[in-house]
Amino acid sequence: MAVEFRNLMEDIVMQNLDIVMAAEGGCTCDACRSDVVAYTLNHLKPHYVATRQGRLMVKLKSCELQSRADVVAAISEAAVMVSKTPRHGRS
Ligand SMILES: [Zn+2]
């Protein structure tokens, strides 16, 4: 049975991405969205869990909820940064 590792922080960022980017009012094209995700994930501590055939072996605990505020703050910062120097339109 294969054990895989998955960064839960990625899920939490994706869950909050659209609403935070909309609140910042910046561009939400694919290029900008992926830049915001990459920037955010580089500035947050990863939260890896072991999964077996895609099923989580560890349940989310309340500490994840607490970190949501940090995630939202990191996405906001990334959205502002990306909107200042957007990559879209550059070839
Ligand atoms: Zn864009």
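The following is an exchange about the helices, strands and selected residues of this predicted model.

Colleague: What order do the elements of the protein run in from the N terminus on?

Modeller: In this predicted model, the secondary structure comes to four helices and three strands. Taken from the N terminus on, these elements run β-α-α-β-β-α-α.

Colleague: What share of the residues of the protein count as buried?

Modeller: A residue needs 20 or more other C-beta atoms within 10 Å of its own to be called buried. Applied to the 91 residues of the protein, that criterion gives a buried share of 18%.

Colleague: Among contacts between residues at least 6 apart in sequence, what percentage join residues at least 24 apart?

Modeller: Contact here rests on C-beta atoms lying within 7 Å of each other. Once the contacts are restricted to residues at least 6 apart in sequence, the part that joins residues at least 24 apart is 85%.

Colleague: How many of the five residues of strand β1 are buried?

Modeller: Strand β1 covers residues 3–7 and lies largely in the open, because its number of buried residues is so low. One of its residues is Val 3, which counts as exposed because it has 9 C-beta neighbours inside 10 Å, the cut-off for exposed being 12 or fewer. For the strand as a whole, the number buried is zero.

Colleague: Which residue of β2 is the bridge partner of Asn 7?

Modeller: Strand β1 pairs with strand β2, residues 48–52, in the antiparallel sense, and the pairing extends over five bridges. Within that pairing, the partner that Asn 7 finds in β2 is Tyr 48.

Colleague: Leaving aside neighbours within four places in sequence, which residues is Val 3 in contact with?

Modeller: Val 3 has its place in strand β1, and its C-alpha atom is separated by 6.5 Å from that of Ala 50, although the two stand 47 residues apart along the chain. When neighbours within four places in sequence are left aside, the contacts of Val 3 are with Ala 50 and Arg 52.

Colleague: Is α1 parallel or oblique to α4?

Modeller: Two packed helices are described by the angle between their axes and the distance between the axes. Helix α1 (residues 8–24) and helix α4 (residues 68–84) pack with axes 9 Å apart and at an angle of about 50°. That angle makes α1, relative to α4, oblique.

Colleague: How do the residues of the contact of α1 with α4 divide into nonpolar, polar and charged?

Modeller: α1 passes α4 in a right-handed crossing. On the α1 side the contact includes Ile 12, Val 13 and Leu 17, and on the α4 side it includes Val 71, Val 72 and Ile 75. By class, the residues of this contact divide into ten nonpolar, three polar and two charged.

Colleague: At what angle do α2 and α4 pack, and how does their contact divide by class?

Modeller: The axes of α2 and α4 are 9 Å apart and the angle is about 130°, so the two helices are oblique to each other. α2 passes α4 in a right-handed crossing, with Val 36 and Tyr 39 of α2 and Ala 78 and Met 81 of α4 among the residues that make the contact. The division is nine nonpolar, two polar and one charged, and the angle is about 130°.

Colleague: Is Met 81 exposed or partly exposed?

Modeller: Met 81 has its place in helix α4, where its C-alpha atom is separated by 9.0 Å from that of Tyr 39, 42 residues apart along the chain. Because Met 81 has 15 C-beta neighbours inside 10 Å, it counts as partly exposed.

Colleague: How far apart are the axes of α1 and α2?

Modeller: α1 and α2 are oblique to each other, and α1 passes α2 in a right-handed crossing. Where the two meet, Met 9 and Val 13 are among the residues of α1, and Arg 33 and Leu 41 among those of α2; by class, this contact has seven nonpolar, one polar and two charged residues. The helices pack at an angle of about 130°, and the distance between their axes is 10 Å.

Colleague: What separates the C-alpha atoms of Asp 30 and His 88?

Modeller: Asp 30 is found in helix α2, residues 30–43, and it counts as exposed because it has 8 C-beta neighbours inside 10 Å. His 88 stands 58 residues apart from Asp 30 along the chain, and the separation of their C-alpha atoms is 8.4 Å.

Notes:
Residues numbered from 1 in each chain as written. Predicted model: local features only at pLDDT ≥ 70, side-chain atom pairs only at ≥ 80, totals over all residues. Axes fitted to C-alpha atoms, helices over the stretch in contact; angles between N-to-C directions. Parallel < 35°, antiparallel > 145°, perpendicular 65-115°, else oblique. Left-handed = near helix turned anticlockwise from the far one by under 90°. Nonpolar A, V, L, I, M, F, W, Y, C, P; charged D, E, K, R; others polar. Pairing = 2+ DSSP bridges.
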